[in-house]
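These are my notebook entries from a session with one chain. I jotted down what I looked up, in the order I got to it.

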Amino acid sequence: MTAAPTPTPSDAPEAAEENATTATAQSGGAGAAKDAGKAAGTDDRLVHRSLLQRLLGRPELGAVVGAVAVFIVFSVVADSFLRASSLSTVLYASSTLGIMAVPVALLMIGGEFDLSTGVMVTTSSLVSSMFSYQMTANVWVGVLVSLLVTLAIGLFNGYMLVRTKLPSFIITLGTFLMLTGLNLGLTKLISGTVSTKTISDMDGFASAKAVFASELTIGGADIQITVVWWLVLVALATWLLLRTKAGNWIFAVGGGQHTARAVGVPVARTKIGLYLGVALGAWISGQHLLFNYDVVQSGEGVGNELIYIAAAVIGGCLLTGGYGSAVGAAVGAFIFGMTSKGIVYAQWEPDWFKFFLGAMLLVAVLLNAYIRRRAEANR
């Protein structure tokens, strides 16, 4: 598509509306209908598109195809893979990744990265645990303090990005290194070891565990509460992207922040809001980590940020921004969950796990690129 001309003050509202419509079209493949509508001189919403054209425009199509293939493979090679208990384990592994993959995907659609997400999860759990233990307070006090601290980290990343104009890679790499050192240094300084003290005997632990680390029995299978958190986040993120003005802003700033700013999109607020969303996901994951295991190791989380990004990319997000979906990121996390547990059920050598993940990432990127080219060719 050709770049839109710079609007004059008199036509800025119309240009903003057109930019928002274009951004939304990137998520659902409506760009083909938009171009066809312009060519015909009719409203693009009245242009008929076949089911195949609509499917080819979906960013998560490649991930869905990959998920079906992985599911079939492990269903054949691992006899225990289709058991209810095994599938609940797969869902749990997928949810722990998906809770973070969804906000990371929104951030990538907005054109940015966050390399501090893995250690931010650990920071969230450490703050909650150590504050509760040292202050001998109800654990819910530690949970709320952790929320404030984690959101402050997200605010710091977003504020530094919009103020310094430095690449998000550099900003969040610095945050990653600082948090890695703080997690280890402060934990050893306060507790004398590299792990936190147990807080399972403190007031509020049982109720907090019920919210962040409990199990639900559905159809005879035990489902972790993280699966519920995951699905709720996917639904909220999808609604945000496709049904709100903020979703249009996210696609707009990811597609071109200078053009977005020219038509009135609040670029700085949008980017800061995306980093706050990532921090919220890190807080939820961190509280689960704490209340599921009680004791937290300060060195955990390093490297997980790459898995979150990979899940989003497998789900159809572009590294250049402006394209992707929350559903795709969820499917990408599900592929990771199936692979990590399927290898165990199939009794394969677990050392091959990272090889399979890397291969799936490359295949997904190539498949997504092919699907996008086909979608653009049908416009």
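**Entry 1: a helix pair.** I started with helix α6 (residues 117–134) and helix α8 (residues 168–191), bearing in mind that this is a predicted model. I found that the two pack at an angle of about 25°, with 10 Å between their axes. How are they oriented, then? Angles under 35 degrees count as roughly parallel, so I wrote down α6 as roughly parallel to α8. I also noted the hand of the crossing, which is left-handed for α6 and α8.

Next I looked up who makes the contact. From α6 I listed Val 119, Met 120, Thr 122, Thr 123, Leu 126, Met 130 and Gln 134. From α8 the list reads Phe 176, Leu 179, Thr 180, Asn 183, Leu 186, Thr 187 and Ile 190. How many residues of each class are in the contact of α6 with α8? My tally shows eight nonpolar and six polar residues, with no charged ones.

**Entry 2: aromatic pairs.** I turned to the rings and got a count of eight aromatic pairs. One of them joins Phe 205 and Phe 291, with 5.4 Å centre to centre and 55° between the planes, which is a tilted pair. I checked where the partners sit: Phe 205 is in helix α9 (residues 205–212) and Phe 291 in helix α13 (residues 267–293), so the pair ties together parts 86 residues apart in sequence. Phe 205 and Phe 291 are both buried.

I then looked at Phe 212 with Trp 229. Their rings are 5.9 Å apart, centre to centre, and the planes differ by 5°, so this pair is stacked, given that planes under 30 degrees apart count that way. Phe 212 belongs to helix α9 and Trp 229 to helix α10 (residues 225–243), so here the parts tied together are 17 residues apart in sequence.

Are these two rings buried or exposed? Phe 212 has 3% relative accessibility and so counts as buried. Trp 229 comes out at 25%, so I put it down as partly exposed.

I also found that Phe 205, Phe 212, Trp 229 and Phe 291 belong to one aromatic cluster, together with Trp 140 and Trp 283.

**Entry 3: Gln 287.** I picked this residue in helix α13 to see its surroundings. Gln 287 has 0% relative accessibility, so it counts as buried. Which residues does Gln 287 touch, leaving aside its neighbours within four places in sequence? I noted Ser 124, Ser 125, Ser 128, Val 143, Ser 146 and Phe 212. Phe 212 is the ring I had already met in the stacked pair with Trp 229.

**Entry 4: Gly 142.** This glycine is in helix α7 (residues 139–164). Gly 142 is at 0% relative accessibility and therefore counts as buried. With neighbours within four places in sequence left aside, Gly 142 is in contact with Ser 128, Phe 131 and Ser 132. I looked up the C-alpha distance from Gly 142 to Ser 132 as well: 4.8 Å in space, for residues ten apart in sequence.

**Entry 5: the whole chain.** I closed with the totals. The chain has 16 helices and two strands. Of its 379 residues, 48% count as buried. I also looked at contacts between residues at least 6 apart in sequence, and 75% of these join residues at least 24 apart.

Conventions: Residues are numbered from 1 along each chain as its sequence is written. This is a predicted model: local features need pLDDT of at least 70, side-chain atom pairs count only at pLDDT 80 or more; totals for chains, interfaces and linings use all residues. Side-chain values use heavy atoms; hydrogens and water are left out. Rings of Phe, Tyr and Trp (its six-membered ring) pair if their centres lie within 6.5 Å; planes under 30 degrees apart count as stacked, over 60 as edge-to-face and the rest as tilted. Helices (H or I, at least four residues) and strands (E, at least two) are DSSP runs, numbered from the N terminus. Buried means under 20% relative accessible area, exposed over 50%, partly exposed in between (1.4 Å probe, protein chains only). Axes are lines fitted to C-alpha atoms, for helices over the stretch in contact, and angles run from 0 to 180 degrees between N-to-C directions. Angles under 35 degrees count as roughly parallel, over 145 as roughly antiparallel, 65 to 115 as roughly perpendicular and the rest as oblique. A crossing is left-handed if the near helix is turned anticlockwise from the far one by less than a right angle, and right-handed if clockwise. Contact means heavy atoms within 4.5 Å. Ala, Val, Leu, Ile, Met, Phe, Trp, Tyr, Cys and Pro count as nonpolar, Asp, Glu, Lys and Arg as charged, and the others, Gly among them, as polar.
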